[in-house]
Amino acid sequence: FTEEKFGQAEKTELDAHFENLLARADSTKNWTEKILRQTEVLLQPNPSARVEEFLYEKLDRKVPSRVTNGELLAQYMADAASELGPTTPYGKTLIKVAEAEKQLGAAERDFIHTASISFLTPLRNFLEGDWKTISKERRLLQNRRLDLDACKARLKKAKAAEAKATTVPDFQETRPRNYILSASASALWNDEVDKAEQELRVAQTEFDRQAEVTRLLLEGISSTHVNHLRCLHEFVKSQTTYYAQCYRHMLDLQKQLGRFPGTFVGTTEPASPPLSSTSPTTAAATMPVVPSVASLAPPGEASLCLEEVAPPASGTRKARVLYDYEAADSSELALLADELITVYSLPGMDPDWLIGERGNKKGKVPVTYLELLS
């Protein structure tokens with residue numbers, strides 16, 4: 001090994017395909033480590049908490065349950081509402097927001113748990129299991145190659161010494177005793193060459209066997225990619241579910257807050273003062289509210305009775321309901337998760353809403369609660 005580093009020894013080179021397998025395995029290991037570490041940061045941004053969880057895992061102890069930031073904020077809001085007055089507009093709003101934040105915290109907890117099991121655990125198992133096995137076999141292959149190169153160098157030196165010993169001496173300058181010594185040296189080097197050749201054959205066999213074992217493990221990286229691809233799909237699915245739950249909770253919260261008169265301006269004035277009397281300061285301090293369903297319709301449509309609206313001759317589609325939905329007023333259609341309804345759009349409608357029909361009932365439904373089918 002030292003002679004190789006100083007360029008004083010020949011090195012047995014691996015074939016190009018084997019070198020490609022090694023490079024692919026190293027790249028897989030490096031990127032898996034980076035993805036694992038950054039996903040851990042995404043799920044738990046607090047470095048102290050990550051260190052604590054790491055220590056618990058190394059000690060084979062259960063990680064204690066940790067309150068999420070959303071749940072902690074919900075607790076603070078609920079305590080504030082209790083102290084400031086739960087019957088005041090501010091107190092009522094704090095209670096509603098606290099309930100939503102608690103739901104967001106619970107959704108975050110479920111997402112972290114699901115992502116850890118379906119995504120982080122397989123990546124960690126690869127690094128701590130399969131990769132350690134590959135690294136062990138690669139080190140063993142390196143030792144076998146060094147043994148093979150040492151045997152080749154030993155055989156080369158033995159052959160050179162044998163050739164020098166068999167050189168015929170000059171009859172005029174060499175005494176008979178030297179002929180005997182030369183013959184003995186030649187026979188000795190012949191034995192040394194035979195021994196070196198035998199060791200070389202054994203070293204070559206062990207090297208070939210270890211190279212085959214290592215090659216099979218490296219080719220298994222393709223299966224690792226397939227497994228990580230499946231885990232990545234599971235991670236995206238859990239993340240999609242998490243953000244969909246967050247959106248649904250906040251949409252419901254906005255609708256509930258929109259039903260509280262005077263909640264957002266903080267005074268006893270009407271919730272929707274005349275436009276001419278609204279100052280820039282008041283307008284900037286007012287939180288935007290999801291527009292009511294009646295305001296989503298174009299002029300003239302709000303006064304149109306939905307029961308009198310006929311579906312278009314073409315353009316109706318089936319849709320599956322993703323979540324339960326409570327109608328805010330008589331113009332909306334209440335929905336139940338997993339039910340199938342017929343939906344269509346009318347000219348000039350807000351793109352976030354559709355007309356839904358279920359039996360003889362008809363009303364507006366939000367697009368985000370639907371999965372459109374063929």
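**Helix α4 and the β3–β4 hairpin**

In this predicted model, helix α4 is followed by Gly85, a residue with a positive phi, near 120°. The helix before that glycine covers residues 69-84, which makes 16 residues. At 1.5 Å a residue, a helix of 16 residues should span 22 Å, and the end C-alpha atoms of α4 are indeed 22 Å apart, so the expected and the computed span agree.

The two sides of α4 can be told apart by their cover. Gly70, Glu71, Ala74, Met77 and Ala81 are the buried residues of the helix. Because they cover an arc of only 120° around the axis, these residues lie on the same side of α4. On the other side of the helix, the exposed residues are Asn69, Tyr76 and Glu83.

Tyr76, which is found in helix α4, has a relative accessible area of 53%. Since exposed means over 50%, that value makes Tyr76 an exposed residue. Tyr76 also takes part in a nonpolar surface patch, made together with Val67 and Leu72, of about 310 Å².

Further along the chain come two strands, β3 (residues 353-358) and β4 (residues 361-366). The two strands run antiparallel and are joined by six bridges. In one of these pairings, Gly356 has Gly363 in β4 as its bridge partner. Together β3 and β4 form a hairpin, with two residues between the strands. Gly359 is in the turn, and its phi is positive, about 65°. Strand β4 itself is mostly covered, as five of its six residues are buried.

Notes:
Residues are numbered from 1 along each chain as its sequence is written. This is a predicted model: local features need pLDDT of at least 70, side-chain atom pairs count only at pLDDT 80 or more; totals for chains, interfaces and linings use all residues. Side-chain values use heavy atoms; hydrogens and water are left out. Helices (H or I, at least four residues) and strands (E, at least two) are DSSP runs, numbered from the N terminus. The expected span of a helix is 1.5 Å times one less than its number of residues. Buried means under 20% relative accessible area, exposed over 50%, partly exposed in between (1.4 Å probe, protein chains only). The arc is that of the directions from the helix axis to the C-beta atoms. Patches are made of residues with over 30% relative accessible area and no salt bridge: like charges are joined within 9 Å, nonpolar side chains (Val, Leu, Ile, Met, Phe, Trp, Tyr) within 5 Å. Accessible areas come from the Shrake-Rupley method with a 1.4 Å probe; for residues, only the protein chains shown count as cover. A salt bridge is a side-chain nitrogen of Lys or Arg within 4 Å of a carboxyl oxygen of Asp or Glu. Two strands pair if DSSP finds at least two bridges between them.
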